[in-house]
Amino acid sequence: MKTTDTATPGVESPGSPGGSGPAVTKVPPALGKEPKSEGATLNVFSHGVLIIWAILVVLPLLWAVVSSFKTDRAIFTTPWSLPDTLHFENWSRAWTQAHMSDYFLNTILVVGGSLIGTLLLGSMAAYVLARFDFPGNRFIYFLFIGGMSFPIILALVPLFYVMQNMSLLNTLPGLILVYIAYSLPFTVFFLTAFFRTLPSSVAEAAFVDGASHTRTFFQVMLPMAKPGLISVGIFNFLGQWNQYLLPTVLNTEPEKKVLSQGLVQLAVSQGYKGDFSGLFAGLVMAMLPVLAAYIIFQRQVVTGLTAGAVK
């Protein structure tokens, strides 16, 4: 009498070919799991890209710092070597003889005034656009967004004549007003989205307690928007500190020049023979405030950029 063997799926019977040992159950691989090798490869690739990007950013900065302590001859003959001696006279020459101190002061006044004005006006406009519904709200909002896409180079000629007719040409207050107008579109766009993420219950509680709209904005909502203000302030600070086109066209008097104009003048201060060691020293001077501001407020910048991701 013949017996029919019933094979169980995934189990090899002892009598089957190669199955002389105990029965072994084959477990199919779990569905939806990504192989570890692919994840490790992607991780290595992403870290490699980040390392290359960091090298491309850090190396020029380090090279500029090292070159600021060299002589002009050493910069051209041995550009990648360390200086034999630290030439601090490059920094003193750039600060005094090249009038970098005056340019530095003008830049601090212009950027400081424009930054305060931009954050104040931009936050007020963004708060109204984000919290109040009125006819023309969306139109004004998209008008600010349209200002972000308008090339500033197209407005230089009419802007020059407008500043001239208002007697603001070659003045620091005129440059401050231009910087504010140039930075407002991005500021309003950024802060409008940020104010929309803030809870409305806090403002409503302030209204119930008798607070006016002005007091609610300055004492309640504005402190809550501190991460967003710091983030957009850093971006505006970087753009205004490095601005070259606007001051070159609207500010031609030597005693009213800003830092970016001073660096160009330092590069061609001796005709065809530039003071390159002094130029690198002035360049490092211009970079230090920007690096210091970002290092101090880097946590707030990240917080402000990610605050609107989770409501």
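1. Let's begin with Asn-170. In this predicted model, Asn-170 has a relative accessibility of 15%, and because buried means under 20%, Asn-170 counts as buried. Its place is the loop between α6 and α7. The backbone deserves a look here too: phi of Asn-170 is near 60°, a positive value in a residue other than glycine. For background, most residues other than glycine have a negative phi.

2. Ser-167 makes a good companion to Asn-170. Ser-167 is found in the loop between α6 (156-165) and α7 (172-197), and its phi is likewise positive, near 60°. Is Ser-167 buried or exposed? With a relative accessible area of 60%, Ser-167 is exposed, whereas Asn-170 is buried.

3. One more loop serine is worth a visit. Ser-212 sits between α8 (200-208) and α9 (213-224). The Ser-212 side chain reaches the backbone nitrogen of Arg-215 at 3.3 Å. Ser-212 has a relative accessible area of 40% and is partly exposed.

4. Now step back to the whole chain. What secondary structure does the protein have? There are 13 helices and zero strands, so if you follow the sequence from one end to the other, you read the pattern α-α-α-α-α-α-α-α-α-α-α-α-α. Of the contacts with a separation of 6 or more, 71% are between residues 24 or more positions apart. The protein has 311 residues, and 33% of them are buried.

5. Next comes the interior. The largest nonpolar core has 20 residues, and those touching the most other members are Ala-94, Met-100, Phe-237, Trp-241, Leu-259, Leu-266 and Ala-286. Two or more residues each come from α4 (100-131), α10 (226-241), α12 (259-267) and α13 (276-306). Which element gives the most to this core? It is α13, with six residues. Apart from this core lies another, of 18 residues, including Leu-169, Val-178, Leu-250 and Val-258. As general context, nonpolar side chains tend to be buried together in soluble globular proteins.

6. Trp-241 is a handy residue to centre your view on. It is one of the core residues that touch the most other members. Setting aside neighbours within four places in sequence, Trp-241 is in contact with Phe-104, Thr-107, Ile-108, Val-111, Leu-259, Ala-286, Pro-289 and Val-290. Two of these partners, Leu-259 and Ala-286, also appear among the core residues that touch the most other members.

7. Turning to the outside, the accessible surface of the protein comes to about 19,500 Å², and carbon and sulfur atoms account for 70% of that area. Where can you see a nonpolar patch on it? Look at Ile-51, Ile-52, Trp-53, Ile-55, Leu-56, Val-57, Val-58, Leu-59 and Leu-62, which make a nonpolar surface patch of about 900 Å². One of these residues, Leu-59, is found in helix α1 (residues 36-67).

8. Last, the charged pairs. How many salt bridges are counted? The count comes to one salt bridge. Glu-253 forms a salt bridge with Lys-256, and the closest N and O atoms are 4.0 Å apart. Glu-253, with a relative accessible area of 28%, is partly exposed. Lys-256 also counts as partly exposed, at 25% relative accessibility.

Conventions. Residues numbered from 1 in each chain as written. Predicted model: local features only at pLDDT ≥ 70, side-chain atom pairs only at ≥ 80, totals over all residues. Heavy atoms only, no water. Patch = residues over 30% accessible without salt bridge, like charges linked within 9 Å, V, L, I, M, F, W, Y side chains within 5 Å. Areas by Shrake-Rupley, 256 points an atom, 1.4 Å probe, with all protein chains shown as cover. Salt bridge = Lys/Arg side-chain N within 4 Å of Asp/Glu carboxyl O. Helix = DSSP H or I, 4+ residues; strand = E, 2+ residues; numbered from the N terminus. Buried < 20%, exposed > 50% of the residue type's maximum accessible area, 1.4 Å probe, protein only. Core = buried A, V, L, I, M, F, W, Y, C linked by side-chain atoms within 4.5 Å. Contact = heavy atoms within 4.5 Å. Polar contact = N/O pair within 3.5 Å; in protein donor to acceptor, adjacent residues only side chain to side chain.
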